[in-house]
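Please examine the model shown below; a series of questions and answers on its surface, sheet, backbone and charged pairs follows.

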Amino acid sequence: MIIKHFSHIDTDGIGAVVISQRTFPSVSYDLCDYENINRRVSDFVGSLLRGYFSYSMVVITDISVDENTAKLIEKADKELPNTKFILLDHHERAMWLNQYTWAFVSKEKEVKGRMVKTCGTSLWCDHLLEQGFIDKEDEIVAFSELVRQWDTFEWMRLHNEKANELNLLLSIKGKERFIERFTENIETEWTPEEKILLKEEKFRIRRYVDGKRREMKTYTSRSGYRIGVVFAEQHISTIASQICKYNSDIDIAMVCSLSTGRASIRTMKDDIKLNEIAATLGGGGREKRAGFPLESIFDIKLDLSKI
């Protein structure tokens, strides 16, 4: 089988690509963000429809497409019987795609009588299990669960540091080396070298995060939320998580990055849905983790006339 895999650029999206590489002999992948996913998928599907090349399966994980791209996929799904299309996502913003037979969007699934949150990697793993490409004893399943715990923040509740370390290895190795490492060896027992790198990285992160937490300013929003605001360019997710964990008086942690022009927000409060807040500011995400453009809350102008 020849597979084309489009996936998100974060740990969850990259984890799904690792599973594809482990499962199928021939995989071509593109790591995408919301700014380029529609163009890349549309260009590729258009080439398929024009007969420039053929693939057995086209997979999209941990990211969604817009209406025009979905219609193009639907057209290809009907006209190309030898190519299977599948989109797997877990974000609220993608729920509307469930109207298509090739899309499966789900935020939760039932496991042993209780509902657990899903992620792109876990949905792809579950699909491959159902289709018989892998079995439940495969090491891929354990890898998928680590990614799911990281992506849903469940690792913090379970105190599973291994999931956090998996994400740190992505930061240390970079996307391509991370994919190569876990494609070749998907075991999550770290090598001696990886253990040393993780120890050094944790120490460096701890110093950076502690410093940023001391810089935090607290504001009260119009809705009455206590918001802890920090400006940072590295380890944004870790900083936000630490603010939520160690500042019980804070409802929402907001980490602003001037280099990307985005604000990342996190919460551990059950009654706050960040995806709804972010949507009003031109962003999106999940209930407990979201983001939006900084320009929606800051009027930043560069005026050099007085220099």
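A residue is called buried under 20% relative accessible area, exposed over 50% and partly exposed in between (1.4 Å probe, protein chains only). The model is predicted, so local features need pLDDT of at least 70 and side-chain atom pairs pLDDT 80 or more, while totals for chains, interfaces and linings use all residues. Residues are numbered from 1 along each chain as its sequence is written, and side-chain values use heavy atoms, without hydrogens and water.

Q: Is L258 buried or exposed?
A: L258 sits in the loop between β10 (252-257) and β11 (262-266); helices (H or I, at least four residues) and strands (E, at least two) are DSSP runs, numbered from the N terminus. Because its relative accessibility is 54%, L258 is classed as exposed.

Q: What accessible area do F231, L258, I297 and F298 have together?
A: Patch members have over 30% relative accessible area and no salt bridge, with like charges joined within 9 Å and nonpolar side chains (Val, Leu, Ile, Met, Phe, Trp, Tyr) within 5 Å. Areas come from the Shrake-Rupley method with a 1.4 Å probe, and for residues only the protein chains shown count as cover. F231, L258, I297 and F298 form such a nonpolar surface patch, and their combined accessible area is about 350 Å².

Q: Which strands stand at the edges of the sheet?
A: Six strands make an open, mixed sheet in the order β8-β9-β10-β11-β13-β12, two strands being paired if DSSP finds at least two bridges between them. Each edge strand has a single partner, so one side of it lacks a neighbour in the sheet; these strands are β8 (217-220) and β12 (284-285).

Q: Which residue of β9 stands opposite T218?
A: β8 and β9 (residues 226-231) are antiparallel partners joined over four bridges. In β9, the residue opposite T218 is G228.

Q: At what angle does α10 run to β10?
A: Axes are lines fitted to C-alpha atoms, for helices over the stretch in contact (heavy atoms within 4.5 Å). Angles run from 0 to 180 degrees between N-to-C directions. Helix α10 (residues 236-246) lies across β9, β10, β11 and β13 (289-293), and its angle to β10 is about 155°.

Q: What is the phi of D62 near?
A: Most residues other than glycine have a negative phi. D62 lies in the loop between β3 (57-61) and α3 (67-79) and is buried, because its relative accessibility is 1%. Its phi is positive, near 60°.

Q: Which residue forms a salt bridge with K4?
A: A salt bridge is a side-chain nitrogen of Lys or Arg within 4 Å of a carboxyl oxygen of Asp or Glu. K4, in strand β1 (residues 2-8), has its partner in strand β2 (residues 26-32), so the bridge ties together parts that are 26 residues apart in sequence. K4 is buried at 7% relative accessibility, whereas its partner is partly exposed at 23%. With the closest N and O atoms 3.6 Å apart, that partner is D30.

Q: In which helix do R157 and E154 both lie?
A: The side chains of R157 and E154 form a salt bridge of 3.2 Å, N to O. R157 is exposed at 53% relative accessible area, while E154 is buried at 10%. The two are three residues apart, about one turn of their helix, α6.

Q: Which residues are linked with R148 in a network of salt bridges?
A: R148 is found in helix α5 and is buried at 3% relative accessibility. Residues touched by R148, not counting those up to four places away in sequence, include V116, S122 and E154. Its salt-bridge network also includes R114, E145, E154 and R157.
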